[in-house]
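Colleague: I have a model open and would like to learn how to read its features. Could we go through them one at a time?

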2 protein chains.
Amino acid sequence: MTAKMREANGARARIEDVAEAAGVSIKTVSRVLNHEPNVRDETRQRVEQAVAELQYKPNLSARSLAGQRAYVIVLVYDNPSRNYLTEIQGGVLEACRARHFSLVLAPVDPDDRNYLPELVDLIDHSRADGVVLVPPLTDDARLLDALQERRLPFASISPRTPEGRFGVTLDERGAVRELMAHLIQLGHRRIGHIKGPPQHGAATWRHSGYREALKLADIPYDAALVVKGEFTFESGVEGARRLLDLPDPPTAIFAANDDMAAGVLRVAGERGLSVPRDLSVCGFDDTPLSRQIFPSLTTVRQPTNDMGRVATEELLKAIRDPESGDMVKMDYALQLRESTGPHRSRS
Amino acid sequence: MTAKMREANGARARIEDVAEAAGVSIKTVSRVLNHEPNVRDETRQRVEQAVAELQYKPNLSARSLAGQRAYVIVLVYDNPSRNYLTEIQGGVLEACRARHFSLVLAPVDPDDRNYLPELVDLIDHSRADGVVLVPPLTDDARLLDALQERRLPFASISPRTPEGRFGVTLDERGAVRELMAHLIQLGHRRIGHIKGPPQHGAATWRHSGYREALKLADIPYDAALVVKGEFTFESGVEGARRLLDLPDPPTAIFAANDDMAAGVLRVAGERGLSVPRDLSVCGFDDTPLSRQIFPSLTTVRQPTNDMGRVATEELLKAIRDPESGDMVKMDYALQLRESTGPHRSRS
DNA sequence: CTGTTAGCGCATTCAA
DNA sequence: TTGAATGCGCTAACAG
């Protein structure tokens, strides 16, 4: 059966049909498709024309089978923040598409202590060429061990210990120092902090930034002004209540993420406190929530989409050449909005 | 090379190795793996044991190549709501996993009028067995034509015209009637509405529900109380301003989704209106935002995750048997929260 | 610079 | 109820 007949039958063109149409061997077609060298320009063009005419699309299954590579990246995540994840996923997807890799999603239940067997099974089944790890899972030693054992390259997004790994980081401590400087410059000296859970690197960095900023401004650290949170709205509500019930309550509160900051705004609303007149509030992450809430939230923006994309690009580099793959430092940006204002002494 | 040697080399077990270990032919192994009939129980068990011992995982590429099917579902979406999408995607993924299909994500830029060629290219490349369509794209005639032309089965989530299609629907009109009945029962008679954009079926249904509820309560429809929105926070802000600037402003506002309702709350805040004392507000969707805002939002919950899952299950049914595939009606649930309260006449 | 050949691991005829 | 042989469409040595 000729290529033309196959086409009339609704069958798809194969590499063989392209070769025939272009008057070359299939190996030459393969070279053109994979951008390999050693093809004359004129030949390359003939092949490309045949590809276009026949609407040839390579069969990915055949390619994977023959090439012993699946062209698959697995994105592993247990981060409960929908917005963060969507952005990361978008960036990862862009990078995968650009290199003709497919993306396999591997959501992990953050409450499941024994998630590893099922996850590893998924990774094995998919025959992944590489993995992208999202925090806080990006710091789970058991998972890292399992990946290393399989010699599977993995990119890390905001890992706690970036040494010897590749992916992306962001200077969260520095960002918080700037955010705090903004509050301090507004006259605040009693600044409360609602921390994140200790297993998150982010919680640690943001707390350190808080302390460093106080020290830089010669404001003594007061442990009573720091309460624990879980990065959830509800824990922000609880934390805010504890802070505002203090005998000498803070005039500003830095919540370690936007969800918790929204909780603080709620408590302020309940108590008839006007923000920022009676209380300044800021968060971290610049989720859509921070703009949709009233007053809108002063916070820090991470380039989340870019972080997903860049991490994946580094991973793809490392897949091509195991020696490569860098840890790329990304930029943050303060978002000054309505929820922070000058300190007014209570009268 | 024997199976044992291969294993020692770190190579993966193949179906051939399983057959050898179980003392049967590869065809028998294939039968067991694919749950085909005509295998003796004792034989089946021997095979299953060999699979477990060798940790055999079928090579999906080889299966696809030989079986002429990719086992791929494509999820096509242009809906701008992050939360909605994440939930839908989660449900779709669950259903895919359960049947060992892989999921390919196909995000579409809602502002790109000419998205079709690229999307179709992605679908063709992936050799999809079926497609899941999210609103509002689920109603795009050009896309539906392209799919039908390819004889590709597709499941529709909340399509405008469910006739002759399969997937999931939800009685949004009924939900809005109930929501409105709640407001009316609280004493409100001047109820404003901020509509969604006309290309969304949801916008139309929610507006119809609004009108029907008024009619049922013998409240005349006042076109001045209905303003256009875009399902965005900003358009909610604008709409609320228009409504509240009316000579005789509404005492309650039903925004067609939560984001716009958040915009209404913002305007209320700006103007010193207390919600719900001076103004009742409700939305639709029950996004996390509706709980994280103050006051929390009365709204309608859709089982979004389930909708994604069930739609995909129907698709998988239709892939197995083109005659099957139903339109499943899902349940909604009113969420009565803080943003609605009794009408108080202005004094 | 280009072509030939031999599998990749599985499903699927058809025969037993 | 089971098995042997053929090919899915492509990559990758190796030859020219």
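**Reading the contacts, domains and rings**

Modeller: Start with a phosphate of DNA strand D: one of its oxygens is 2.4 Å from a polar backbone atom of A:I15. Keep in mind that this is a predicted model.

Colleague: Which residues come nearest to DNA strand D?

Modeller: A contact list is read from its closest members. Of the 25 residues around DNA strand D, the nearest are A:I15, A:Y56, B:S25, B:T28 and B:T43. Of the strand D atoms that come within 4 Å of the protein, sugar and phosphate make up 65%.

Colleague: Which atoms of A:S30 and A:N59 face a phosphate oxygen of DNA strand D?

Modeller: Check side chain and backbone separately. For A:S30, an N or O atom of the side chain is 3.2 Å from a phosphate oxygen of DNA strand D. For A:N59, a polar backbone atom is 3.2 Å from a phosphate oxygen of that strand.

Colleague: Which helices supply the surface near DNA strand D?

Modeller: Map the residues onto the secondary structure. In chain A, α3 (26–33) and α5 (60–67) each supply at least two residues of that surface, and so do α3 (26–33) and α5 (60–67) of chain B. By residue type, the surface near DNA strand D has 10 nonpolar, 9 polar and 6 charged residues.

Colleague: What are the closest residues to DNA strand C?

Modeller: Read this strand in the same order. DNA strand C is surrounded by 25 residues, and A:S25, A:T28, A:R40, B:I15 and B:Y56 are the closest. Sugar and phosphate account for 64% of the strand C atoms within 4 Å of the protein. The surface near DNA strand C divides into 10 nonpolar, 9 polar and 6 charged residues, and its largest share, 4 residues, comes from α5(B).

Colleague: How far are A:T28 and A:R40 from a phosphate oxygen of DNA strand C?

Modeller: Note the atom type along with the distance. A:T28 places a polar side-chain atom 2.8 Å from a phosphate oxygen of DNA strand C. With A:R40 it is a polar backbone atom, 2.7 Å from a phosphate oxygen of strand C.

Colleague: What part of DNA strand C does A:A66 contact?

Modeller: Here the partner is a base. A backbone N or O atom of A:A66 lies 3.2 Å from a base oxygen of DNA strand C.

Colleague: How is chain A divided into domains?

Modeller: Look at the bounds, then at the centres. The domain assignment gives domain 1 (3–57), domain 2 (69–170 + 303–331) and domain 3 (172–301). Taken over C-alpha atoms, the centres of domain 1 and domain 3 of chain A are 61 Å apart.

Colleague: How many aromatic pairs are there over all chains?

Modeller: An aromatic pair is described by the distance between ring centres and the angle between ring planes. The count over all chains is 4. One of them, B:Y210 with B:Y221, is edge-to-face, with centres 6.2 Å apart and planes at 75 degrees. B:Y210 is in helix α10 (residues 201–216) of chain B and B:Y221 is in the loop between α10 and β7 (226–227), so the pair ties together parts 11 residues apart in sequence.

Colleague: Is B:Y210 buried or exposed?

Modeller: Compare the relative accessible area with the cut-off. B:Y210 has 1%, so B:Y210 is buried, the limit being under 20%. B:Y221, at 31%, counts as partly exposed.

Colleague: Where does A:R63 lie relative to A:Y71?

Modeller: For a charge and a ring, find the ring centre. A:R63 lies over the face of A:Y71, 5.6 Å from the ring centre. In chain B, the charged end of B:R63 sits over the ring of B:Y71, 5.5 Å from the centre of that ring.

Key:
Residues are numbered from 1 along each chain as its sequence is written. Chains are lettered from A and ligands numbered from 1 in the order in which they are written. This is a predicted model: local features need pLDDT of at least 70, side-chain atom pairs count only at pLDDT 80 or more; totals for chains, interfaces and linings use all residues. Side-chain values use heavy atoms; hydrogens and water are left out. A residue is near a molecule or strand if one of its heavy atoms lies within 4 Å of it. A polar contact is a pair of N or O atoms within 3.5 Å; within protein, one must be able to donate a hydrogen and the other to accept it, and residues adjacent in sequence count only if both atoms are side-chain atoms. Ala, Val, Leu, Ile, Met, Phe, Trp, Tyr, Cys and Pro count as nonpolar, Asp, Glu, Lys and Arg as charged, and the others, Gly among them, as polar. Domain bounds come from an automatic or database domain assignment. Rings of Phe, Tyr and Trp (its six-membered ring) pair if their centres lie within 6.5 Å; planes under 30 degrees apart count as stacked, over 60 as edge-to-face and the rest as tilted. Buried means under 20% relative accessible area, exposed over 50%, partly exposed in between (1.4 Å probe, protein chains only). A charge sits over a ring if NZ of Lys or CZ of Arg is within 6 Å of the ring centre and within 35 degrees of the ring normal.
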